[in-house]
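Biologist: Please take one part of this model and go through it closely. I would like to know how its helices are packed against one another.

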Amino acid sequence: MNAQLPEYKQWLIKAEHDLQSAKILLHSDEPVRDTAVYHCQQVAEKSLKAVLVFWNEPLMRTHDITALVEKCIKHDNSFEKWRDVAEELTPYAPFFRYPGDIMEPDPEDCTNALEKAKELYGFVANLLKDNPA
């Protein structure tokens, strides 16, 4: 990755890489669902951090997508529609990364998480494309 790119573009590239990783992990012959949903959460987190960096907001050291969405809403009310997605994806940061009662999510939950992550990434990518620095 080119370190000379603006920081917000670097965040967006990292989000895209997480999206590619999630797709590969879910669509392989032997899906790795616990890791895939973590990458879905990371897509959302890094996409939102990209737009906050673009808006010159101080970077929040958090995995809480809801908190990031709330911060985005202060700049642009169109982020309001991502509240439910934030609540859905935030738990995937810690929930399946460690041993516990449930080792991996259901296939349907994974497919849904991937779709939501892809939609949020596309929304942010289009917003930033329409507002170049």
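Modeller: The crossing of α1 and α5 is left-handed. Their axes come within 11 Å and cross at roughly 155°, and an angle over 145 degrees counts as roughly antiparallel, so α1 is roughly antiparallel to α5. On the α1 side the contact is made by Y8, L12, A15, E16, L19, A22, K23 and L26. On the α5 side C110, L114, K118, Y121, V124, A125 and L128 take part. Note that this is a predicted model.

Now α1 by itself. Helix α1 runs over residues 7–26, 20 residues in total. From its first C-alpha to its last it reaches 29 Å, close to the 28 Å expected at 1.5 Å a residue. Its buried residues are Y8, W11, L12, A15, D18, L19, A22, L25 and L26. These cover an arc of only 145° around the axis, which puts them on the same side of α1. The general rule behind such a pattern is that an α-helix has 3.6 residues a turn, so residues three or four places apart point the same way. The cover over the buried residues of α1 includes α5 (107–130) and also α2 (33–54).

The second of these partners, α2, has its axis within 8 Å of that of α1, and the two cross at roughly 165°. α1 and α2 are therefore roughly antiparallel to each other. Here too the crossing is a left-handed one, with α1 passing α2.

That leaves the pair α2 and α5. Their axes are 9 Å apart and the packing angle is about 20°; angles under 35 degrees count as roughly parallel, so α2 and α5 are roughly parallel to each other. The residues of α2 in this contact are R33, V37, C40, V43, A44, S47, L48, A50, V51 and F54. Those of α5 are P107, C110, A113, L114, A117, L120, Y121, V124, L127 and L128. α2 passes α5 in a left-handed crossing.

One residue outside these helices belongs in the picture. E104 lies in the loop between α4 (83–89) and α5. Its relative accessibility is 32%, so E104 counts as partly exposed. Leaving aside neighbours within four places in sequence, E104 is in contact with R33, D34 and F96. The C-alpha atoms of E104 and V37 are separated by 9.0 Å, although the two residues are 67 residues apart along the chain. Both R33 and V37 are also among the α2 residues that make the contact with α5.

Terms used. Residues are numbered from 1 along each chain as its sequence is written. This is a predicted model: local features need pLDDT of at least 70, side-chain atom pairs count only at pLDDT 80 or more; totals for chains, interfaces and linings use all residues. Side-chain values use heavy atoms; hydrogens and water are left out. Helices (H or I, at least four residues) and strands (E, at least two) are DSSP runs, numbered from the N terminus. The expected span of a helix is 1.5 Å times one less than its number of residues. Buried means under 20% relative accessible area, exposed over 50%, partly exposed in between (1.4 Å probe, protein chains only). The arc is that of the directions from the helix axis to the C-beta atoms. Contact means heavy atoms within 4.5 Å. Axes are lines fitted to C-alpha atoms, for helices over the stretch in contact, and angles run from 0 to 180 degrees between N-to-C directions. Angles under 35 degrees count as roughly parallel, over 145 as roughly antiparallel, 65 to 115 as roughly perpendicular and the rest as oblique. A crossing is left-handed if the near helix is turned anticlockwise from the far one by less than a right angle, and right-handed if clockwise.
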